[in-house]
Amino acid sequence: MNSGGDPAVYMTLADAMALQTELAPADQRVQAARGGGAVKSASVAAVIVRVQPGADIELLTATLRQWKHLAALSQADQEEILLASVVDKARRQIGLFPGILLTVSAVVIALIIYTMTMEKLKQIATLKLIGAPDRTIIGLIVQQALILGASGWSIGLALILLVRTAFRAGWCWSRSTSACWPASSLSSAWSPAAWACGPR
Amino acid sequence: MAIGDVLVDVQGVAKHFGEGETRVDALRQVDLQVRAGEVIALLGPSGSGKTTLLNVIGCILDPSAGRVVLDGDPVFDGKWLRSDLRRLRLDKIGFIFQSHNLLPFLTAEENVALVLDLVGWPSEKGRERARELLDYLEVGHRAPVKPALLSGGEAQRVAIARALANRPRIILADEPTAALDSKRAQLVMDLLRKLAVEQEACILTVTHDEKIFDRFDRLVQLRDGRLVTE
């Protein structure tokens with residue numbers, strides 16, 4: 001399975017061509033023998049090349065790109081594509097959770113502050129009546145909101161510090177079953193010094 | 001009793017709520033003068049305009065027409081003549097309500113000192129004055145206590161201390177003795193009278209309590225928004 005989650009098979013070029021020609025359906029081969037049509041010519045989507053250590057990969061890819069119908073990607077290029085697509089997509093999805101949490105929390109906190117302010121309408125009216133300026137009243141509400149926020153933040157931080165080790169243990173377990181993070185498969189798949197891909 | 005300058009001068013004040021068929025005339029051509037040292041009771045049935053008149057004098061409600069002069073300072077003449085009504089209330093007017101309306105998160109002393117803090121008194125001096133007033137009103141021993149732990153009479157006396165803290169010359173009280181027994185009510189009225197004389201202030205009180213009528217210099221009767229007897 002490739003990094004995008006699609007099934008993929010890696011084999012030599014000779015095997016790939018044999019698969020596409022010699023193992024064509026029987027009726028197709030019969031038709032070819034009768035002269036009714038050629039067996040479908042072999043086609044290859046991509047070729048993976050392992051280069052000698054110390055080879056100039058930039059030169060190799062630049063040379064391959066001179067054929068306008070070919071594309072050549074080094075390992076670095078592919079890693080970049082992977083990061084820009086799969087990893088970036090995952091990062092955005094993960095980043096969405098704090099975003100949603102933040103929005104929901106903001107709405108809940110705003111409602112709490114609104115309710116608390118409404119409950120204090122009589123006291124606010126008293127303050128206005130005895131001549132308290134608006135900034136004093138707003139200051140009291142902001143002070144209350146800040147105390148509420150600081151308390152929530154402190155409790156949240158304490159909870160994180162308390163349970164973070166448990167989360168780390170869970171992550172390790174998941175990793176050992178190869179279910180959580182494709183880092184190991186990445187390292188093995190991308191281990192050759194360079195890859196060059198393109199249709200032939 | 002020595003009667004001094006005119007502190008409240010209400011001339012031809014009217015106040016109506018709503019328009020057309022729903023129009024309610026709460027006050028109609030009310031004229032009233034109150035002098036320093038006077039303690040006046042505003043009487044009348046429910047809906048006669050007593051609280052509305054108190055709110056107009058306290059610069060809380062806009063009159064629909066008329067002229068209001070407080071402590072020689074014209075504040076309303078068809079429109080408000082001052083933009084800083086908050087400051088006017090802070091400097092010249094003290095409010096006492098039927099329920100004490102003390103701020104529950106402050107102690108009795110802090111409730112009184114708050115007004116002085118708003119005026120700009122130094123904190124220490126404000127607390128000293130608050131303690132002095134609470135002692136005078138015989139609730140000094142309850143100064144560090146929150147309002148929830150005060151009895152009705154104690155809380156009302158703290159509210160009176162708050163209303164008098166920065167020596168306002170106009171004190172407006174809306175049924176200040178309604179939550180008190182008759183003994184406490186008479187005590188509170190005696191205190192108000194004494195303070196009015198000492199601070200050269202005037203006191204306008206809305207009340208229905210006949211037992212304290214003898215504590216007032218004048219009884220002003222309102223009916224359907226009009227002054228009917230004085």
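What follows is a short chat about how helix 3 of chain B packs against two other helices in a predicted model.

Me: What should I keep in mind about this model?
Reply: Local features need pLDDT of at least 70 and side-chain atom pairs count only at pLDDT 80 or more, while totals for chains, interfaces and linings use all residues. Residues are numbered from 1 along each chain as its sequence is written, with chains lettered from A and ligands numbered from 1 in the order in which they are written.

Me: How are two packed helices described?
Reply: By the angle between their axes and the distance between the axes. Here, helix 3 (residues 108-119) of chain B and helix 5 (residues 152-164) of chain B pack at about 20 degrees, axes 8 Å apart. Helix 3 of chain B is therefore roughly parallel to helix 5 of chain B (angles under 35 degrees count as roughly parallel).

Me: Which residues of helix 3 of chain B and helix 5 of chain B make the contact?
Reply: Contact means C-beta atoms, placed from the backbone, within 7 Å. Ala108(B), Asn111(B), Val112(B) and Val115(B) of helix 3 meet Val158(B), Ala161(B) and Arg162(B) of helix 5.

Me: And at what angle do helix 3 of chain B and helix 4 of chain B pack?
Reply: About 125 degrees, again with axes 8 Å apart, helix 4 being residues 123-136 of chain B. So helix 3 of chain B and helix 4 of chain B are oblique to each other; oblique is what remains after under 35 (roughly parallel), over 145 (roughly antiparallel) and 65 to 115 degrees (roughly perpendicular). Among the contact residues are Leu116(B) and Asp117(B) of helix 3 and Arg127(B) and Leu134(B) of helix 4.

How values were computed
Axes are lines fitted to C-alpha atoms, for helices over the stretch in contact, and angles run from 0 to 180 degrees between N-to-C directions. Helices (H or I, at least four residues) and strands (E, at least two) are DSSP runs, numbered from the N terminus. Two residues are in contact if their C-beta atoms, placed from the backbone, lie within 7 Å.
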